[in-house]
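Colleague: I would like to learn how to read the packing of helices and strands in a model such as this one. Could we go through it together, beginning with the handedness of a crossing?

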Amino acid sequence: MTVLDLTGLTTRPSQVWGGVRLVPLVREEPLTDLRLHEEIYSDGPGLVELGPRDHYLSYIPHGFVAAWTGDGSPAAAYGTRLDGPGGGPPPAMPLRFHRRMVRRQAKDRLRFLPLHLALEGYLALHFGGPVIAWQEWSDRALRGGLSPRVEEAYVGAQVRGLGDALRVFEIHPNQCGLLVYTGDALASAFAVPHPDDYRALHPSLVSDLYGELVHHYALLAAPLPDFRTAIDGAGIRSLADLRAAARRQERDWALFHDTTMAGGLLDVPHTAQSVYRLGRFTLSRFLPPFAPKHENHIGETITDENGRIAYLKTFRLSENQVRRGHLLSRLAERQWNLADTAAELGVTEAQLGMRLESAGFGHLLRRDVLDLYRKVAVGTLGRKR
Amino acid sequence: MDSYGDLIAADDVLLFVNAAITSTGQREFHSEEGAQRLSLDFLHEYMIGNYRDLYAAVLALDINDHNAVLIVRRLLESAREATDEQRRTEGRLIARRLALLPPQRVYGLFRELRRAKVNNRRTRAVMRDWIAARPDPAFDAVKYRGGVKLALRHAHLAPAVEELGPFVFAPSSRKRFTTPILESWRRAHYEQAALYELPYTVAEGFAAKHRIPRAVFLERIAPRMTRLEQLRLQESGREHKAGAVRADLTRMPLTRLASYVLGLPVADRLARRAELTDALRAAARRVAGVHRGSWGRVAAVLDDSFSTVGSGQKRRRPLAAALAAHYLLEALAGHYTAFWTSGHTDALLSRPQGPTPLGHRILDALDTAPARLVIVSDGWDNAPPGLAGEVLRIWRTRLDPGRRTSVVHLNPVYDAEDFDVRRLAPTVPTAGLRDAEDLPALVELAQFAEGRTGKAELTAYLDARTAHFLKEER
């Protein structure tokens, strides 16, 4: 269990556009030995190949390349060592094949598809499916695991107002990150090691993935109010007092934001799993505790040797996705034993079966078992009447 | 004491003046073209419906050409609703304003009137008088051929020169024209050398027809260009190595010059620093005129945040206004300090970048204890939001109740949603800003915008401006 460590990143005042609030994060001392490069894939569905069987349908807007520049010299956004991993897309075919989600490109290169890592982590939470072949599970579940693993996500351009909000956003000097809120619910957090990287990536945020919830909130949200500065005139006798009061207001906002608005992301312990380590940096993905009716973010990070975040990208799960994750994690805890899990959740086995079905996991149960559960569920209702 | 209604009237008029100064119906950084037009149209309808006299009087102020045309058009369209007295004043105001407008705008207005089927006696008279006052009808007929044709036809006018009729309506009927420019136009169809005797815009079409290389064309047409055409084609001419296209920068209007400077790459600005600075200072001094150095201690807070990039249609316009204001204030002030929101100090190298920490900059500016504080900003104060308003409020109520410092906010951007320019604080007067050249008049006008002046005072001010405006014609 770890908590995200945003030391070194300071929160600056938010900028509001319609239902979207953007909160900039500023790094006083940018990291120079880790730089990111973007590789934008042509629009169209990307196909990630994980192995022979695991075809994976999802939209992939970005592939990133992490580069280590020991001297830290090149300040240009694209760096001087860009050597185009993978080459350009085949001219007539909008599909791209990515052999693995993370793979070494060159000696000091690491390529990964942001969010995919984390989405995969979520989807493949218990990739192998049931670990013990309890009789209730279907053959398909035992053989194929949870495949096919498909989740819905929206491109940023489809999130209402986000495109405009990003267009009119005024980037702060030394800005290295951005938190996106729709309807004042945290939608996504994004942080990079260097301001130049951020400047280059800022427009790409509109082609990123966002959860279903984010999309709906943006669609339905009324225009948000600004957190306008309000200084009490009493006790102010000079310009210096006024200046101090202004500074205090800024600090108050940062504190309020970090503890309250972003609390669902920053205060909740996450299960982190390190994926790759290179030099002093570690690439890892994290999963939330899957607590229903709470904020749950999945994401990926690159942290330095002290655990401070160099790179961060999160994705907010919708309530449905959280519920599914919750069920799976409970089942996994009990070795996929239905009776034990039901007892732990305080429901009957049949009710748990119905919950699995309504969460879209009905196909994992044997057909006759599921039918029996259905009958019991209906019967129970009948007796109650 | 004014009634409540009068206060509202005064407020409405100021709001409309601000809109008429800033909005051009074009896209802005924060709003689309459609929103701007819709919002502006509403204001015009509202004004002419409620305050016809004041609506017409606005023509005497430094409003932009787009709005002047809109006002004239609405006045002519609704001539029937005006009283005799109103018609007389309106007629003079319209005639005076049309004389000041660039001819292409006026021909555009005639086209609009024709499209709207406005052809009352008054409209025809206005068109007749304006065309009769044109200095060179033959030149107009060549340069604005479509416009002239349409105007003659719409107002049932006989052309001033006998040859113009055939030239405009049946050019192929004559073998030869006696007026030189008309003859050049005829020959330019066949002969390359003749097109260099035509105005630049007309010659450009012929050059394309004859496939003349751009560099050659620019080099030879340069003497026929207007002042602003030369400025506009400076960089293009430089690229094509057409040395003849050389504008005398010291003669250019201040804000245009600022726009030109901001369009140059930073390396060019560094290399030509002395030349550009001299030109800007000269233009500013010309505008300041007798008021030079008379403003005492002045501090300015100038916005160069990312939003001053404007839009594709108004490129860097808000930043150009700020830059021009910077040089003008430098000329007007006895002692001058500038505070750019980005914190940069080299005005010539300014570029739209970063957030708008207006509140902090205003604090810095007030630290210098100025007699006047001028703020040029689009009013999107966002780092932190609302701090500028709070600072100004507390400054006025607690720290400077005696008004040692006069504060004025000039805003170059019309906010379509609020039907006004964005304000910073209710205690600080805000006025719209188009060209920095109008800044002194605007500072005067802004005093009305504190919401405490009534209609009587405002009407008196407008009457004075109208009288002055109409007096200039003689």
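Modeller: A crossing is called left-handed if the near helix is turned anticlockwise from the far one by less than a right angle, and right-handed if clockwise. Please keep in mind that what we are reading is a predicted model. By that rule, α6(B) and α9(B) make a left-handed crossing.

Colleague: What are the angle and the distance between the axes of α6(B) and α9(B)?

Modeller: Two packed helices are described by the angle between their axes and the distance between the axes. Here the axes of α6 (residues 103-115) and α9 (residues 145-154) of chain B cross at roughly 45° and come within 9 Å. The two helices therefore count as oblique to each other.

Colleague: Which residues make that contact?

Modeller: From α6(B) the contact takes Y107(B), F110(B), R111(B) and R114(B), and from α9(B) it takes G147(B), L150(B), A151(B) and H154(B). Sorted by class, the contact of α6(B) with α9(B) has four nonpolar, two polar and two charged residues.

Colleague: How should I read the pair α16(B) and α18(B), and at what angle do they pack?

Modeller: The procedure is as before: α16 (residues 254-263) and α18 (residues 273-288) of chain B pack at an angle of about 160°, with their axes 9 Å apart. Because angles over 145 degrees count as roughly antiparallel, α16(B) is roughly antiparallel to α18(B). The crossing of α16(B) and α18(B) is left-handed. Residues in this contact include L254(B) and V261(B) of α16(B), together with L276(B) and V287(B) of α18(B). By class, the contact of α16(B) with α18(B) has ten nonpolar, no polar and no charged residues.

Colleague: Turning to the sheet, what is the order of its strands?

Modeller: For a sheet, one reads the order, the pairing and then the edges. This open sheet of five strands in chain B runs β2-β1-β3-β4-β7, with parallel pairing. Its edge strands are β2 (335-340) and β7 (430-432) of chain B, each of which pairs on one side only. From one strand to the next, the twist averages 20°.

Colleague: Which helix packs on the sheet?

Modeller: Helix α20 (residues 358-367) of chain B does, touching β1 (297-302), β2 and β3 of chain B, and its direction makes about 165° with that of β1(B). Within the sheet, five bridges join β3 (residues 372-376) of chain B to β4 (residues 406-411) of chain B, and V376(B) stands opposite L410(B) in β4(B).

Colleague: How far apart are the centres of domain 1 and domain 2 of chain B?

Modeller: The domain assignment gives domain 1 as 189-247 and domain 2 as 256-471 in chain B, and their centres, taken over C-alpha atoms, are separated by 37 Å.

Note on methods. Residues numbered from 1 in each chain as written. Chains lettered and ligands numbered in written order. Predicted model: local features only at pLDDT ≥ 70, side-chain atom pairs only at ≥ 80, totals over all residues. Domains from an automatic or database assignment. Pairing = 2+ DSSP bridges. Helix = DSSP H or I, 4+ residues; strand = E, 2+ residues; numbered from the N terminus. Axes fitted to C-alpha atoms, helices over the stretch in contact; angles between N-to-C directions. Contact = placed C-beta atoms within 7 Å. Parallel < 35°, antiparallel > 145°, perpendicular 65-115°, else oblique. Nonpolar A, V, L, I, M, F, W, Y, C, P; charged D, E, K, R; others polar.
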